[in-house]
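Please read these comments with the coordinates open beside you. They are short and go point by point.

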Amino acid sequence: REERIRKEEEEQKRRKLQAAENKARIMEAFLKEKEKEVLQLQEEAKTFITPENLDARIEECLDNPRNYNFAVDKDGRIVKRTVLS
């Protein structure tokens, strides 16, 4: 009987250790994902318009006009585009 109780206690300890390891793995994966998101946001922040680069961005837009007024067919091809003025 004592041996059975000892085995049950060992099994319970093993399960607790395994649960802690699983939790640590999940937390590590979560932290890696959040770190990846932060790096992506930092990369995207390089293209933000700020008061410091506002004039340069306005000049860039005026030098390179784009026309977003067009029609698209079901396959995603541009069918009709208005003339850029």
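The numbered points below take up salt bridges, a pocket, a surface patch and a few separations.

1. Status of the model. This is a predicted model. Please keep that in view for each point that follows.

2. Salt bridges overall. How many salt bridges does the structure hold? The count is 10. Side chains of opposite charge can pair when their charged atoms come close. Three of the pairs are taken up in the next points, each with its distance and its place in the helix.

3. Lys 7 and Glu 3. The two side chains form a salt bridge, with an N to O distance of 3.5 Å. Both residues belong to helix 1, which covers residues 2–45. Their spacing is 4 residues, so about one helical turn separates them. Lys 7 is partly exposed, at 48% relative accessible area. Glu 3 is partly exposed as well, at 45%. Neither value passes the 50% cut-off for exposed, and neither falls under the 20% cut-off for buried.

4. Arg 4 and Glu 8. Here the salt bridge has an N to O distance of 3.3 Å. Again the partners sit 4 residues apart in helix 1, so the gap is about one helical turn. Glu 8 has a relative accessibility of 44%, which means that it counts as partly exposed.

5. Glu 11 and Arg 15. The side chains of this pair meet at 3.7 Å, N to O, in a salt bridge. Both residues lie in helix 1, with 4 residues, about one turn, between their positions. Glu 11 is partly exposed, at 29% relative accessible area. Arg 15 is partly exposed too, at 47%. Which residues are linked in a network of salt bridges with Glu 11? They are Arg 14 and Arg 15. The pair is best read together with that network.

6. Gln 12. This residue is also placed in helix 1. Its relative accessibility is 41%, so Gln 12 counts as partly exposed. How far apart in space are Gln 12 and Tyr 68? Their C-alpha atoms are 64 Å apart, with the two positions 56 residues apart in sequence.

7. The largest pocket. Its volume is about 150 Å³. Tyr 68 belongs to the lining, together with Arg 57, Glu 60, Cys 61, Asn 64, Pro 65 and Arg 66. By residue class, the lining holds 3 nonpolar, 1 polar and 3 charged residues. A figure of the pocket should label these residues.

8. Cys 61. This lining residue of the largest pocket lies in helix 2. Is Cys 61 buried or exposed? Its relative accessibility is 53%, so Cys 61 counts as exposed. The cut-off for exposed is over 50%. From Cys 61 to Lys 80 the C-alpha separation is 23 Å, and the two are 19 residues apart along the chain.

9. Nonpolar surface patch. Which residues make the nonpolar surface patch of about 380 Å²? They are Ile 49, Leu 54, Ile 58 and Leu 62. Ile 49 sits in the loop between helix 1 and helix 2, the latter being residues 54–63. At 53% relative accessible area, Ile 49 is exposed. The patch is worth showing beside the pocket in one view.

How values were computed:
Residues are numbered from 1 along each chain as its sequence is written. This is a predicted model: local features need pLDDT of at least 70, side-chain atom pairs count only at pLDDT 80 or more; totals for chains, interfaces and linings use all residues. Side-chain values use heavy atoms; hydrogens and water are left out. A salt bridge is a side-chain nitrogen of Lys or Arg within 4 Å of a carboxyl oxygen of Asp or Glu. Helices (H or I, at least four residues) and strands (E, at least two) are DSSP runs, numbered from the N terminus. Buried means under 20% relative accessible area, exposed over 50%, partly exposed in between (1.4 Å probe, protein chains only). On a 1 Å grid over the protein atoms alone, a cavity is a set of points where a 1.4 Å probe fits but cannot get out, and a pocket is an open set with protein on both sides within 12 Å along at least five of seven lines; lining residues have an atom within 4 Å of a point. Grid points are joined across faces, edges and corners, and a volume is the space filled by probe spheres set on the points. Ala, Val, Leu, Ile, Met, Phe, Trp, Tyr, Cys and Pro count as nonpolar, Asp, Glu, Lys and Arg as charged, and the others, Gly among them, as polar. Patches are made of residues with over 30% relative accessible area and no salt bridge: like charges are joined within 9 Å, nonpolar side chains (Val, Leu, Ile, Met, Phe, Trp, Tyr) within 5 Å. Accessible areas come from the Shrake-Rupley method with a 1.4 Å probe; for residues, only the protein chains shown count as cover.
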